[in-house]
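This report walks through one protein model, from its overall layout to a few selected side chains.

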Amino acid sequence: MSSGRLTLKDITVAAPRPLPVLLLLDVSGSMAEDGKLAALNTAVRDMLHAFAQEQAGGAEIHVAVLAFSGREARVHVPLKPARDVKFEALDAKGHTPLGSVLTLTTRILDNRNLVPGRAYRPTVVLVSDGVPTDEWEAPLEGLLTSPRASKAVRLALAVGEDADLKVLTRFAGEDHVRRAAEARQLRRFFRFVTMSVTARSRSATPDQVVTLPDLGADDGFDDLDL
């Protein structure tokens, strides 16, 4: 307020800034084995429920779910506020087109209509249990060199012994990759991501990077750095 007169700026509440979370989920045929897909659907549903309960302060959590199987990736849930998401369980079939989902991710993050310049640093979570079945190196390079997409916080979870840990490490970096040997560790990983994102949304510095916990025999949250 200036000169004793109220202005529109003085009485307008600033809209919360989006905090985007993109889930890149491998739903190839092998995910249907050993309870992996059921655990994934439950973990995503729990995450979305937790996000929807968050009261928007300075940041509002927005979520997109990108599924990849068959020959290409698809948008299962478009990027929108978490409270507006209606999640339908994913099916598993076909191959593992990692390159396709990386290209789609870069396209979304580079689109200022979807991720405005005022948005906080996005979080991109990649979950896979297999080896890429399409050309993925050029799409990954495109993501890592994109002025906007490259700034995202990247996390990866290798599910089972057949997951290509080297590829996931190139995506996220060694410190941001974990392996889940069983379904309950998959759900634990998602609980960690949920905790870290909600903590960021409440923080005075939502762009701050988080540290992944160990997914060992303990509860896995002792070394959270929130």
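Among contacts in the protein chain between residues at least 6 apart in sequence, what percentage join residues at least 24 apart? The figure is 72%. The model behind this value is predicted.

## Overall layout

The protein chain holds six helices and six strands. Read from the N terminus, the elements follow the order α-β-α-β-β-α-β-α-β-α-β-α. The protein chain counts 226 residues, and 49% of them are buried.

## The sheet

The six strands form an open sheet in the order β3-β2-β1-β4-β5-β6. Pairing in this sheet is mixed. Strands β3 (72-81) and β6 (177-180) occupy the edges. Each has a single partner strand, so one side of each is left without a neighbour in the sheet. On average, neighbouring strands of this sheet are turned by 15° against each other, direction ignored.

Two pairings show the mix. Strands β2 and β3 run antiparallel and are joined by seven bridges. One of the bridge pairs sets Ser69 against Glu72 in β3. β2 and β3 make a hairpin, with two residues between them. Gly70 sits in the turn and has a positive phi of about 60°.

β4 (residues 123-128) and β5 (residues 153-159), in contrast, run parallel. Six bridges join β4 to β5. Thr123 has Val153 of β5 as its bridge partner.

## Helices against the sheet

Helix α2 (residues 36-53) lies across four strands: β1 (17-26), β2 (59-69), β4 and β5. The helix runs at about 175° to β1.

Helix α4 (residues 137-145) has three buried residues: Pro139, Leu140 and Leu143. Why do they fall on the same side of α4? They cover an arc of only 100° around the axis, which puts them there. Their cover includes α3 (98-109), β5 and α5 (165-172).

## Two buried threonines

Thr123 belongs to strand β4. Its relative accessibility is 3%, so Thr123 counts as buried. Leaving aside neighbours within four places in sequence, Thr123 is in contact with Pro20, Val21, Leu22, Val153, Leu155, Val197 and Arg200. Val153 appears here as a contact and also as the bridge partner of Thr123.

Thr198 belongs to helix α6 (residues 183-202). Is Thr198 buried or exposed? Thr198 is buried, because its relative accessible area is 8% and the cut-off for buried is under 20%. A polar atom of the Thr198 side chain lies 2.9 Å from the backbone oxygen of Thr194. Not counting residues up to four places away in sequence, Thr198 touches Phe51, Glu54 and Ile61.

## Salt bridges

How many salt bridges does a search of the whole structure find? The search finds six. Side chains of opposite charge can pair when their charged atoms come close. The table gives some of the pairs, with N to O distances.

| Pair | N to O distance |
|---|---|
| Arg187 and Asp46 | 3.3 Å |
| Glu137 and Arg170 | 3.1 Å |
| Arg184 and Glu182 | 2.2 Å |

Take Arg187 and Asp46, whose side chains meet in a salt bridge. This pair links distant parts of the chain: Arg187 is in helix α6 and Asp46 in helix α2, 141 residues apart. Arg187 is partly exposed at 33% relative accessibility. Asp46 is also partly exposed, with a relative accessible area of 42%.

Next come Glu137 and Arg170, another salt bridge. This pair too links distant parts of the chain: Glu137 lies in helix α4 and Arg170 in helix α5, 33 residues apart. Glu137 counts as partly exposed at 41% relative accessibility. Arg170 is partly exposed as well, at 46%.

Arg184 and Glu182 meet through their side chains in a salt bridge. Arg184 is partly exposed at 44% relative accessibility. Glu182 is partly exposed at 35%.

How values were computed
Residues numbered from 1 in each chain as written. Predicted model: local features only at pLDDT ≥ 70, side-chain atom pairs only at ≥ 80, totals over all residues. Heavy atoms only, no water. Pairing = 2+ DSSP bridges. Axes fitted to C-alpha atoms, helices over the stretch in contact; angles between N-to-C directions. Contact = heavy atoms within 4.5 Å. Buried < 20%, exposed > 50% of the residue type's maximum accessible area, 1.4 Å probe, protein only. Arc of directions from axis to C-beta. Polar contact = N/O pair within 3.5 Å; in protein donor to acceptor, adjacent residues only side chain to side chain. Salt bridge = Lys/Arg side-chain N within 4 Å of Asp/Glu carboxyl O.
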